[in-house]
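Please open the model in a viewer and keep the sequence panel visible. The stops below are given in the order in which they may be selected.

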Amino acid sequence: IFWVFFSPNLLNENARELFSLKNQQCECEARAGPGTGPHPRQPMRRKNLEFEPLSTTALILEDRPANLPAKSEEEAQRHRQEYNEMVAGAKRREMKEAQRKKKQMKERYRQEENIAHAMVIWNTEILPNWESMNTRRVRELWWQGLPPSVRGKVWSLAIGNELNITPELYEIFLSRAKEKWRSFNETSSVSENEDCGASLADRESSLDLIKLDIFRTFPSLYIFQKGGPYHDLLHSVLGAYTCYRPDVGYVQGMSFIAAVLILNLEEADAFIAFANLLNKPCQMAFFRVDHDLMLKYFAAFEVFFEENLPKLFQHFQNNSLTPDFYLIDWIFTLYSKSLPLDVACRVWDLFCRDGEEALFRTGLGILRLYQDVLLQMDFIHSAQFLSRLPENTPAHTLFTCIANTQMLSNNRRWNQVKTDCTRVLLAY
């Protein structure tokens, strides 16, 4: 017996099974001939049944089998109404989905046209005249996001090469790193103060961390994991850096920065940009875990936090949620671990344009974006949320929040506030 209350899948299964059994019974009786069975019966027929029901909507409009009470006119009318409502609802959903896809496609075409137009401007006007192109027009174009085809070149120019690293110097440190890896793998012992100048414990720790971090670097892309096309390349850049800067060594989070550069630059250029980027004051303070300098950055950040988001700032204060609980991971990886890769690259664009200020402005933009959610959370849930941001963080909305964040406090810009915070901390 079929009722409209059954689920469509279960109903289809039961319907098919029943019709199959009835057909088998009819075939057996036909082969046996009339009168051979103890109780020969005529096969039961369904009234007006010209097809096998495929769903509950079909059964709604079906008359019941002859051996069951017929539907009342009221019930039949109700079933027709339900059917019509289901069809109308399905059409509305299809229409809504079609409109969404059309809008999405239109936006994609618009973005592609903008990127193509911007690429021409960058290649023909800006890059050939880089030294004289620090204009308002260029900065506005930069804010919109760099075209992927010129992103690596612009990053390299913006980061610079104050360390005067050459591709040949990279090859030297890469060879040294490979020799150390071979020696470590063969003997598991390396004398102290040799070549890279780091202790055995430091080198062993760096080797283990590099291997572990590479495995955890953009795991969803599967290109940096063992066997992936960029695994050895990332391993080489990180290994060469540990020999180039044994005083810093390898620190967790570096693999994300190196990986983003590798995706946009050739190997030697990626290493040059990587080493110079980590040599910036902010990155060096965090990667060398200079507590005094880190406190200075946190204090300056809180000044602008209170100016821009006083309600959320007070909420964090009441819950003892200090910036170190979320900023360290964001700064260590330059947001490439916390945000979707395409969004993180746009943050990097802003960082290369405005320097370290952009990193803390981005942090405030994230807090502004999720302010309403965070105001409802306690310490534990806020810290967990900020350490694992939603994977679908919208780029347009985030950059609107970043744009609405003012980095001016009592007519003081970021660097002046940071300097004043240093004086205050020294006074304590």
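Select Glu179 first: in this predicted model its relative accessible area is 43%, so Glu179 is classed as partly exposed. Add Arg182, which is likewise partly exposed, at 43% relative accessibility. The two side chains form a salt bridge, with an N to O distance of 2.9 Å. Both residues belong to helix H6 (residues 167-187), where they stand three residues apart, about one turn of the helix.

**A second pair within a helix**

Next, select Arg136 and Glu140. Their salt bridge has its closest N and O atoms 3.2 Å apart. How far apart are Arg136 and Glu140 in helix H4 (residues 136-143)? They are four residues apart, which means a separation of about one helical turn. Arg136 counts as exposed because its relative accessibility is 68%, whereas Glu140, with a relative accessible area of 44%, is partly exposed. Side chains of opposite charge can pair when their charged atoms come close. The model contains 16 salt bridges.

**A charged network**

Move on to Arg353 and Asp354, whose side chains meet in a salt bridge of 2.9 Å, taken from N to O. Is Arg353 buried or exposed? Its relative accessible area is 18%, under the 20% limit, so Arg353 is buried. Asp354 is partly exposed, with a relative accessible area of 23%. Add Arg139 to the selection: salt bridges with shared partners link Arg139, Arg353 and Asp354 into one network.

**A buried arginine without a salt bridge**

Keep Asp354 on screen and select Arg361, in helix H16 (residues 356-369). Arg361 is buried but makes no salt bridge. Which side chain of opposite charge is nearest to Arg361? It is that of Asp354, at 4.5 Å; a salt bridge requires the nitrogen and the carboxyl oxygen to be within 4 Å, so this pair does not qualify. The side chain of Arg361 does reach a backbone atom, the oxygen of Ala403, at 3.4 Å. To see the surroundings, display Ile402, Ala403, Thr405 and Met407, with which Arg361 is in contact when neighbours within four places in sequence are left aside.

**The nonpolar core**

Now select Leu367. Apart from residues up to four places away in sequence, Leu367 touches Phe301, Phe305, Leu309, Leu312, Phe316, Tyr326, Trp330, Leu374 and Leu386. Leu367 is one of the residues with the most contacts inside the largest nonpolar core, which has 108 residues. The others in that group are Trp122, Met254, Phe274, Phe305, Tyr326 and Leu386. To follow this core further, colour helix H10 (residues 267-278), which supplies its largest share, nine residues.

**Two loop residues with positive phi**

Select Leu334, in the loop between helix H14 (327-333) and helix H15 (341-354). Leu334 is not a glycine, yet its phi is positive, about 50°. Its relative accessibility is 1%, and Leu334 therefore counts as buried.

Then go to Phe218, in the loop that runs between helix H7 (200-215) and helix H8 (231-244). What is the phi of Phe218? It is positive, about 45°, although Phe218 is not a glycine. Phe218 counts as buried because its relative accessibility is 9%.

**A histidine in helix H8**

From that loop, continue into helix H8 and select His231. At 14% relative accessibility, His231 counts as buried. Outside its neighbours within four places in sequence, His231 is in contact with Ile214, Ile223, Phe224, Gln225 and Lys226.

**Confidence along the chain**

Finally, colour the model by pLDDT. The mean for the protein is 83, and 79% of its residues reach 70 or more. Select residues 1-12, where the pLDDT is below 50; this stretch has 23 contacts in the model beyond near neighbours in sequence. Then select residues 189-201, also below 50 in pLDDT, with 25 contacts beyond near neighbours in sequence. Where pLDDT is low, the predicted coordinates should not be read in detail.

Note on methods:
Residues are numbered from 1 along each chain as its sequence is written. This is a predicted model: local features need pLDDT of at least 70, side-chain atom pairs count only at pLDDT 80 or more; totals for chains, interfaces and linings use all residues. Side-chain values use heavy atoms; hydrogens and water are left out. Buried means under 20% relative accessible area, exposed over 50%, partly exposed in between (1.4 Å probe, protein chains only). Lys and Arg count as positive and Asp and Glu as negative; His and the chain ends are not counted. A polar contact is a pair of N or O atoms within 3.5 Å; within protein, one must be able to donate a hydrogen and the other to accept it, and residues adjacent in sequence count only if both atoms are side-chain atoms. Contact means heavy atoms within 4.5 Å. pLDDT is the predictor's confidence in each residue, from 0 to 100. A nonpolar core is a set of buried Ala, Val, Leu, Ile, Met, Phe, Trp, Tyr and Cys residues joined through side-chain atoms within 4.5 Å.
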